[in-house]
Each structure stands twice: as C-alpha cells, then as structure tokens.
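Hi,

Here is the structure I promised to send over. Have a look at it first, and then read on for what turned up.

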Amino acid sequence: MSALLVEEGDDVLRRAQGGDGDAFAALVGDHESMVFSIAWHFFGDRNRGEEIAQDVFLQLYRNLAKIETRAHLVFWLRQVTSRRCIDEVRRTGPRRISIDDAGDLPVAPAVSDPLAARRLREMIAALPERQRIIVTLRYQEDLDPSDIGRMIGLPVNTIKSHLHRALLALRKKMGVES
Amino acid sequence: MSLETDLKDALRRVPAPEGFANRVLERVRSEERRPTRSPWWRAIAATVLLAAILGGWGAHEMIERRQERKGQRAREQVLLALRITGEKVAHAQRGVRHITR
C-alpha cells in the first residue's frame, strides 16, 4: 500500500473517530467483505455470517477511539470477528444447516470448480471451531501462523498443530469422498 | 491441484450481502437513539446499594451484640445461682457438723 493510501485511510479513521458518519460508513464499506467472509466461511451460513459481521461493526463503533491506525483497524476487525465466531459456537453450540439453508453467495467467487469449492467449504464448516477459524484466517486472509497466534491468543506451535490436524482431516475426507 | 490451492480458492473473500453497510448504520443510529442512563443515576443507584449493604451489615452487628449481651447476662445469673447454692450447702454442712458434735 502506498504512503498516500495509508495516509488517506488514517484520515478516514480520524474523521470517523471525530463522529463523521460518512467516514464510518466508508470504513464499513472498506472492510465489510473481509469481516463477512470470515464469519460466513466459519459458519457456512450466510444469515449467521451477516449477524456476526453486523455485531462486529457495532462493536467497532463503540470502540473507535481505541483504534490507532488503519493497520490496527484491520488487525482489530480480524481478531474481534474470530473471537466472536468462536464465542458464538460455544454459546449456542453448532447449528447444522442444509445446503439449501446456506444461501448462495451474492456473487460467486471465480473458482475453477464451484461445486468442489462448495463441498470444501462445508467440510471446513464441520471442523472443530479452533481449526475452522485457523484455516479461514490462513487461507482467506493469507496470514502466517504467528499472526494468527497473536490474533486468537494461542502459541504459534499450537496454531501449526491445529492447522496440521485440520489439513489431515480435510485430506482424509476428500480422499474418502473421491 | 493441491489442497492448499483448493482452500485458497474455496475461501476467497466474497462481497457482503446487498445493503449490509446500511443495516449496520441503522443499528448504530438506533443504538444512539436509545436513552442511556446518566452517570448521575448510576451514582444514586450505587449509593442506595451501598447504603443497603451497610444497613444490612449494621443490623446484623446489632443483633449479634444483643445476643452476646443476653448470653453474658445468662452466664452471670448461672454463676450467681451457683454461688448462692454453694453458700447454702456450706451453711447446711456447718449446721450438720454443729448437731453431730
């Protein structure tokens, strides 16, 4: 990101912190895809994903003063979304949904095999919650295990071990299916 | 394709549902409209709570002390009764000794 973009981003953040509603709307617009996608991939349920994403932005509004920079904002949003997803599962338990309830994507991502991608997302949504969020942050947000560890408060070796087990489970399921 | 590539494909970011930002802003606005209790009311509520706790503790202490006093009085009465009984017994012994002499 160029220095100019960073400066502009920080300016939008400052204006939102000063009570400018349009600036806050711009922040939501810039990050809604990231937050919604983490929640949607975690739950495999579009409605639940939106519910969590809305809660995260409401929480952001209440905590705007604590955000220091745009990079901090991205870290904060990923962290709060991840923790909120895990807490939600622990609070309400897993909610199994059928493919029909999952809802279609607003715009389907351009993947080589949409059906295979959909099946893979269902397998991810069936993983234990920690593995699920780690896989989502690793492959959706392209984060290193050390970044993920800082985000969800676990040692890097624990993250690597969860990731390893998740990939093993997915490979096994895919092997069985094929 | 490797599993890692498949995962990156399957977990691409997707756009939020249509109207998402507006729904968030509506929730923000409705939260702002909700009347919040002022710190003044919170201070009063805290004072009332503190008074209730202190009052309860004071009443408990008073009852304890009253019971202690009752217990003390009962003990004194028992000791007095024992002393009187002892004196009576000693007096009776002296009388018996006098008759047998």
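**What turned up**

R138(A) counts as buried, because its relative accessibility is 19% and the cut-off for buried is under 20%. This same R138(A) makes a salt bridge with D142(A), where the closest N and O atoms sit 3.7 Å apart. Before you read too much into any one distance, bear in mind that this is a predicted model.

Now the overall picture for chain A. It has nine helices and zero strands, so reading from the N terminus you just get α-α-α-α-α-α-α-α-α. Of the 178 residues in chain A, 48% are buried. If you take the contacts in chain A with a separation of 6 or more, 69% of them come from residues 24 or more positions apart. The surface that chain A exposes comes to about 8900 Å², and carbon and sulfur atoms supply 51% of that.

Next, the interface. How many residues of each chain are in contact with the other? On the chain A side there are 42, and they touch 24 residues of chain B. The area buried between the two chains is about 3200 Å², with carbon and sulfur atoms giving 65% of it. In chain A, the residues that lose the most area to chain B are Q54(A), L58(A) and Y139(A), which together make up 19% of what that side buries.

On the polar side, there are 10 residue pairs in polar contact across the interface of chain A and chain B, counting pairs with both residues at pLDDT 80 or more. The elements of chain A that give two or more residues to the side touching chain B are α2 (21-43), α3 (46-62), α6 (114-125), α7 (129-139) and α9 (156-177). Sorted by type, the residues on that side of chain A divide into 24 nonpolar, seven polar and 11 charged.

Then the charged pairs. Side chains of opposite charge can pair when their charged atoms come close. Over all chains the count comes to 20 salt bridges, and between chain A and chain B the count is four.

Which residue of chain B does E50(A) form a salt bridge with? The partner is R23(B), and the closest N and O atoms are 2.5 Å apart. This pair crosses between chains, running from E50(A) in helix α3 of chain A to R23(B) in helix α2 (residues 20-33) of chain B. Are the two ends buried or exposed? E50(A) is buried, with a relative accessible area of 12%, whereas R23(B) is partly exposed at 33% relative accessibility.

Helix α2 of chain B also holds a salt bridge of its own. E26(B) and R29(B) both lie in this helix, three residues apart, which is about one turn. Their closest N and O atoms are 3.7 Å apart. E26(B) is partly exposed, with a relative accessible area of 38%, and R29(B) counts as partly exposed too, at 41% relative accessibility.

One more thing to look for on screen: salt bridges that share partners join R48(A), D55(A), R84(A), E88(A), R91(A) and R27(B) into one network.

Cheers

Key. Residues are numbered from 1 along each chain as its sequence is written. Chains are lettered from A and ligands numbered from 1 in the order in which they are written. This is a predicted model: local features need pLDDT of at least 70, side-chain atom pairs count only at pLDDT 80 or more; totals for chains, interfaces and linings use all residues. Side-chain values use heavy atoms; hydrogens and water are left out. Contact means heavy atoms within 4.5 Å. Buried area is the accessible area (1.4 Å probe) that two parts lose on being put together, summed over both. A salt bridge is a side-chain nitrogen of Lys or Arg within 4 Å of a carboxyl oxygen of Asp or Glu. A polar contact is a pair of N or O atoms within 3.5 Å; within protein, one must be able to donate a hydrogen and the other to accept it, and residues adjacent in sequence count only if both atoms are side-chain atoms. Helices (H or I, at least four residues) and strands (E, at least two) are DSSP runs, numbered from the N terminus. Ala, Val, Leu, Ile, Met, Phe, Trp, Tyr, Cys and Pro count as nonpolar, Asp, Glu, Lys and Arg as charged, and the others, Gly among them, as polar. Buried means under 20% relative accessible area, exposed over 50%, partly exposed in between (1.4 Å probe, protein chains only). Accessible areas come from the Shrake-Rupley method with a 1.4 Å probe; for residues, only the protein chains shown count as cover.
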